[in-house]
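Thank you all for coming. Please have the structure open while I talk, and stop me if you lose track of which part I mean.

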Amino acid sequence: MPDKRTVHVIITGFGGQGIVMAGEILGKAATLYDTKHATMAQNYGPEARGGACSSQIIISPEEILFPYIEEPEILVCMSQEAYTKNIKTLLTEGTLIWDTDLVHTRKTDMHFKTFHIPATRFAEKLGSKMMANIVMLGFLSAVEHLVHAEALKKAIADSVPAATKEKNIQAFTAGREYGNSIVKGLLKLEQAKHQD
Amino acid sequence: MLAKEVKTGMHFINGDEACCEGALAAGCRFFAGYPITPATEIAEAMSRRLPELGGIYIQMEDEIASMATILGASWGGVKSMTSTSGPGFSLMMENIGLGICTETPCVVCNVQRGGPSTGLPTLVGQGDMMQARWGSHGHYEIIALSPSSPQEMFDMTILAFNLSEQYRLPVMIMADEVVGHMTERVVVPREEEIEVIDRRKPTVPPEEYNLYHADADGVAPMANCGDGYRIHVTGLTHDERGYPAMDAKSHEKMVSRLVGKIRNNKDKIIRTKNSYLDDAEVVVVSYGISARSAMQAVRDARKEGIKAGLIKLETVWPFPENLIRSLAPQVKGFLMAEINGGQMVLELERCAGGACPVGLVSNFGGAIISPGLISNAISRIRRGTA
Amino acid sequence: MTTQKAPKAIPPHPMDSLLRTERMPHIWCPGCGIGTVFSAVLAAIKNTGWDPDSIAMVSGIGCTGRMAGYIRLDSFHTTHGRALPFATGLKLAKPETKLIVVSGDGDLFAIGGNHFIHAARRNMDITVVCVNNFNYGMTGGQQAPSTPLGAKTTTSINGSPEEPFNFCHLASACGATYVARWTAMQVRSLRSSIGEALHKRGFSFVEVIAPCPSSFGRRNRMGSALEMLKFYHGRSVIRGDIDPKDATMDIDREIVVGKFVDIERPTFMDHYEKINRSQMPQWRSMHPDHQKGR
């Protein structure tokens, strides 16, 4: 059942991971293929080139006025730097999601609702690590009900190059099924990698 | 397969791209510009879209040339526009004046960033509002719009073209970095649902035609280059024929009409979006991205039982003078929210005429105004402690 | 600057059909070289036999810029230095129109210098006629980018401390497809060069060395207008097909005149259509009247 709240999501990683595209797909799914409002703001400036990269998406059943995110309810980290930089903004009752292989978390951050998936590894197995963002979206759709999965699939089909459509839908499904298994307790989470 | 001029349907696009789609839907087929953050995405979108529609995208050597070029294109009978940000807007001022003086329809979109000078290229500002009004030399009137969302970027770009064609002048879209870069749903109507206004053409033969002989509304029908009217167009003060006329009387006549065609039609031009005004004690006036924070603050105030209202300026110039004058004696105060040191607030104060207090919530640029700051100011104005 | 009173009965001028006779008398000083150049432009236009409604003139600010106000064509007197970008917009919006830009040395090469080099680089299909009188005549004779080293103007009373441009060399280096220079005395060559320039596809440039007796001539003790004409003519050396870098422009030594460049090069529009045609098989009109549904 999709969320009735206004949810602030930050997806963050480094340039080339398709971070902005992941945000766009989430926004498209919410606004074009679901019945919600969404506002995506981008981080510009020197930090937007090459290094750290983030996209901020607000999803709400109501009109969104203030477009910036100060304290996200959901933080998705796809790089160590992104995690270190953004973790302090996450709301206490928020959800922290990360790529198992790319982020070493601190044990002190485990009070959040936490989920992790080796998204990049999954994507590599499916043929291209470029699809890690899509695997992550599938995983996100299973652990947090922001928009309907069908809407997300349509948004993916709409956003990726036509030739890679099927592969990307597979990537989404793989991430989503992994997430579902974990939520239902059918699968044991891999051991997270901690800093301390 | 030919490309679609109007991309009917729903899109999740940013404000700059929405501006491009609005322009194309309004019939714009010519763009001359110079890349500048945060307006570059408009030029990029235009460079992709115009060639597939048979239009022209040309990247000029600077913004002076860009502005001159779109004026030339407009006299060639093609709807034209340029986009820029502060530093480029400064360079455009010279030929914006030529456009005003020669009554040339075109559109200039300024995606504002923090200034002065190079300032904050990637961060928001609303500091060019007075520059839009008075930036070129001499006395004149302008029309400027201020969108608050990608959807409004689309809608107001169409409106800007329509107003420019109807009143024969460069119309400015005073957007800002956040609106330009934010991505939201944009609904593009069917082509037949979009109202498009084209410039009035002469109805008399060339020997009876005067380029600046105005109709009753103060606007003259416009012959384009090559229509057989052998027009002469000059930035010098000119008479009805368009010929230079170097004396005070001719100048008075020409400028009176340039000013009059806007002032006398301002009720038809001015657009505001009013919310909760009927019983409002404190009225917030705002525009562009700041109007969204203002709306949030007004709604929050209402939840607390404070009778706050909002006037969102869609046309920032001309300013809704009569509306402010009529409200001033009835309210406890006005509040302007804008990202500059206080520009449109001067106009608000002028129109309030001392009948009630006028406050300002602002910063100099780089960040949008948080709704909380506006809420606090609403409370202060209401308590009379502003 | 003095203006002449119109004589009572004016005999018809052979170029009347191309003149806004109601605007006479003009503002140019007696002896000014612009009149000669204007006549040459009018004659060259007439010789083309083109429909006058398919030709437009764009000018900048200055004495030469006023030509646009006297020619009975669609004509545009724009801002200082901006004639070329304005003409660029007009040309691209109406590619079938023949565009002539007329302006002075200061307008085209000082304030408008950047636009000149880029219009030539793009090979905009425009003909530029530059009247070079070595100073800003309209405003009483100030130093220009053409003012010879040591020449006196109101802003260089001890002599200009700057070296001037060689406009033909500049135009050629920037990619102009046609480049010629004449003095105002060489009317027939000038007329024929302007004609060739008008027929040339691409950015064509004709420079005319013209006397400004009221300002430049007076301040540099060059005598009457006729003496100035003869002086420039006397300094001139005709050398066709010379490398434009060797086309010396030095009023103290020699003024090399002739046609220096006459080449073929694709125009902006040639490239634009070719590169973008793959996107759109049929090139559509941009004009609102011709667009479908409107």
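How many residues does the contact take from chain B, and how many from chain A? Before I answer, please keep in mind that this is a predicted model, so that every value I quote is computed from predicted coordinates. The contact takes 22 residues from chain B, and 20 residues come from chain A. Between them, chain B and chain A bury an area of about 1,800 Å², and carbon and sulfur atoms give 61% of that area. On the chain B side, the residues that lose the most area to chain A are B:Phe12, B:Arg185 and B:Arg292, which together account for 34% of what that side buries.

Let me place this interface among the others. Two pairs of chains touch, and of these the pair with the most contacts is chains B and C. Chain A and chain C, on the other hand, are joined by no contact, and their closest C-alpha atoms lie 19 Å apart.

Now to chain B by itself. Its secondary structure comes to 13 helices and 16 strands, and its C-alpha trace spans about 65 × 55 × 40 Å along the principal axes. For 386 residues a compact globule would have a radius of gyration near 21 Å, and because chain B has 21 Å, the two agree. Of those 386 residues, 66% are buried. If we take the contacts in chain B between residues at least 6 apart in sequence, 76% of them join residues at least 24 apart. The accessible surface of this chain is about 12,600 Å², with 51% of it belonging to carbon and sulfur atoms. As for charge, chain B carries 37 positive and 45 negative side chains, and the centres of these two sets are 5 Å apart.

Two residues of chain B deserve a look of their own. Is B:Val316 buried or exposed? Its relative accessible area is 0%, and since anything under 20% counts as buried, B:Val316 is buried. B:Val316 has its place in strand 14, residues 315-317 of chain B. Leaving aside residues up to four places away in sequence, B:Val316 touches B:Met129, B:Ala144, B:Leu145, B:Ser146, B:Tyr287 and B:Met344. B:Val316 and B:Arg271 are 45 residues apart in sequence, while the distance between their C-alpha atoms is 8.6 Å.

The second residue is B:Glu347, which lies in helix 12, residues 344-352 of chain B. At 14% relative accessibility, B:Glu347 also counts as buried. With residues up to four places away in sequence again left out, B:Glu347 touches B:Trp317 and B:Phe319.

Finally, I turn to chain A, which has six helices and six strands. From the N terminus on, these elements run β-α-β-β-β-α-β-β-α-α-α-α. The radius of gyration of chain A is 15 Å, close to the 16 Å that the globule rule gives for 196 residues, so chain A is as compact as a globular protein of that length. Its C-alpha atoms fill a box of roughly 45 × 35 × 35 Å along the principal axes. In chain A, 54% of the 196 residues count as buried, and of the contacts between residues at least 6 apart in sequence, 62% join residues at least 24 apart. Chain A has 21 positive and 22 negative charges, whose mean positions are 6 Å apart.

Conventions:
Residues are numbered from 1 along each chain as its sequence is written. Chains are lettered from A and ligands numbered from 1 in the order in which they are written. This is a predicted model: local features need pLDDT of at least 70, side-chain atom pairs count only at pLDDT 80 or more; totals for chains, interfaces and linings use all residues. Side-chain values use heavy atoms; hydrogens and water are left out. Helices (H or I, at least four residues) and strands (E, at least two) are DSSP runs, numbered from the N terminus. The radius of gyration is taken over C-alpha atoms; the globule rule is 2.2 Å times the number of residues to the power 0.38. Buried means under 20% relative accessible area, exposed over 50%, partly exposed in between (1.4 Å probe, protein chains only). Contact means heavy atoms within 4.5 Å. Accessible areas come from the Shrake-Rupley method with a 1.4 Å probe; for residues, only the protein chains shown count as cover. Lys and Arg count as positive and Asp and Glu as negative; His and the chain ends are not counted. The place of a charge is taken as NZ of Lys, CZ of Arg, CG of Asp or CD of Glu. Buried area is the accessible area (1.4 Å probe) that two parts lose on being put together, summed over both.
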